[in-house]
Amino acid sequence: MNPLPDGVNDPAWLHGVSAFTTVRTRRGAPLLWPEHLARLRHTCAFLGLPDPDPDLPPPDVHPWGLLRVTVTEGGTFASHRPLTPGPRPDGGATIRLTGVQIHPQLGAHKTGNYLPYRLAAQQAAPAFEGLLLDAHGQVVDGSRTSPLLELDGQLIVPAGGLPSVTRAAFLHGTPHATRPVHAAELARVTRAWVCGSGVGVVPVARLEGLSNMSLHLNARWPDTTDPALVWPGG
């Protein structure tokens, strides 16, 4: 047995007492930073952490990048890496409904308590994304993205998950509703997308994990050139 290194003997490491956000960058410029900062501030207040530093460090000028801003009791920290998600799934993505549940108090926040999302990704593999539930069997979030569903001709944001910055930017000016979506309703979905800084807005072609069936959907990529919403590099 090895002694615990001093660097990890901290609540941020031991108990997940941290808040973070991941910001897409384009040629070094952070995209949707004010929206990310507002969400991060809300989570920091909820966790009793210091207010995040709003001044980003000069980033490396990657063609596409992902800037992670993390807040702990010790302050605000940033790391920036190239964003290279691989080939775009031109025909749309496959997502899978998992049996993993979000934390009932932390589901609306991006924190260091990230285990449910990692477990959902493992359970969903090799699918592009795994959907998580709440204790009532309602679909609330994805392991790395946020879902957007079309039900009965209406765009629906499932209630209870992380308020996605990318999804909100995509929906700006578009009529939609936010409401609870029970897993049983997924069989009636006519179109779906998953949204996140790392991938943009990706259409769903196949939904797996439903009772004794898979759902095939009409997958069409959004008609946009917004660098915050497109597949990076595409």
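1. Start at the loop between α3 (115-124) and β6, which is where P126 sits. This is a predicted model, and in it the peptide bond joining A125 to P126 is cis, with omega at about 10°. Most peptide bonds are trans. That makes the A125-P126 bond one to look at when you check the backbone geometry.

2. Two backbone spots have an unusual sign of phi. As a rule, most residues other than glycine have a negative phi. R27 isn't a glycine, yet its phi is positive, at about 50°. You'll find R27 in the loop between β1 and β2, and at 57% relative accessibility it counts as exposed, because the cut-off for that is over 50%.

3. D152 is the other one to flag: not a glycine either, and with a positive phi of about 55°. Its loop runs between β8 and β9 (154-158). D152 has a relative accessible area of 62%, so it is exposed.

4. Now the inside. The largest nonpolar core has 25 residues, and L97, L186, V189 and V202 are the ones that touch the most other members. The elements giving two or more residues to this core are β5 (93-101), β6 (129-133), β8 (146-151), β11 (189-196) and β12 (200-210). Of these, β12 has the largest share, with four residues.

5. Which residues does L97 touch, once those up to four places away in sequence are set aside? The list is L131, L133, V139, A183, L186, E208, G209 and L210. One of those contacts, L186, is also among the residues that touch the most other members of the core.

6. There's a second core, separate from that one, made up of ten residues. Among its members are W33, C44, L49 and V71.

7. On cysteines: how many disulfides does the model have? The count comes to zero. C44 has a relative accessible area of 1%, so it is buried. C195 is buried as well, again with a relative accessible area of 1%.

8. Next, the open sheet of four strands, ordered β2-β1-β3-β4 with antiparallel pairing. Which strands stand at the edges? They are β2 (29-30) and β4 (75-82); each has a single partner strand, so one side of each is left without a neighbour in the sheet.

9. Within that sheet, β3 (residues 64-72) pairs with β4 in the antiparallel sense, over eight bridges. If you want a residue pair to anchor the register, V69 has A78 in β4 as its bridge partner. Helix α2 (residues 33-47) lies across β1 (19-26), β2 and β3, and runs at about 170° to β1.

10. Last, F170, which belongs to helix α4 (residues 165-171). Is F170 buried, exposed or partly exposed? At 22% relative accessibility it counts as partly exposed, because buried would need a value under 20%. Beyond its neighbours within four places in sequence, F170 is in contact with L148, V201, P222 and L229. For a long-range distance check, F170 and H62 are 108 residues apart in sequence, and their C-alpha atoms are 23 Å apart in space.

Key: Residues numbered from 1 in each chain as written. Predicted model: local features only at pLDDT ≥ 70, side-chain atom pairs only at ≥ 80, totals over all residues. Heavy atoms only, no water. Core = buried A, V, L, I, M, F, W, Y, C linked by side-chain atoms within 4.5 Å. Buried < 20%, exposed > 50% of the residue type's maximum accessible area, 1.4 Å probe, protein only. Contact = heavy atoms within 4.5 Å. Disulfide = S-S within 2.5 Å. Pairing = 2+ DSSP bridges. Axes fitted to C-alpha atoms, helices over the stretch in contact; angles between N-to-C directions.
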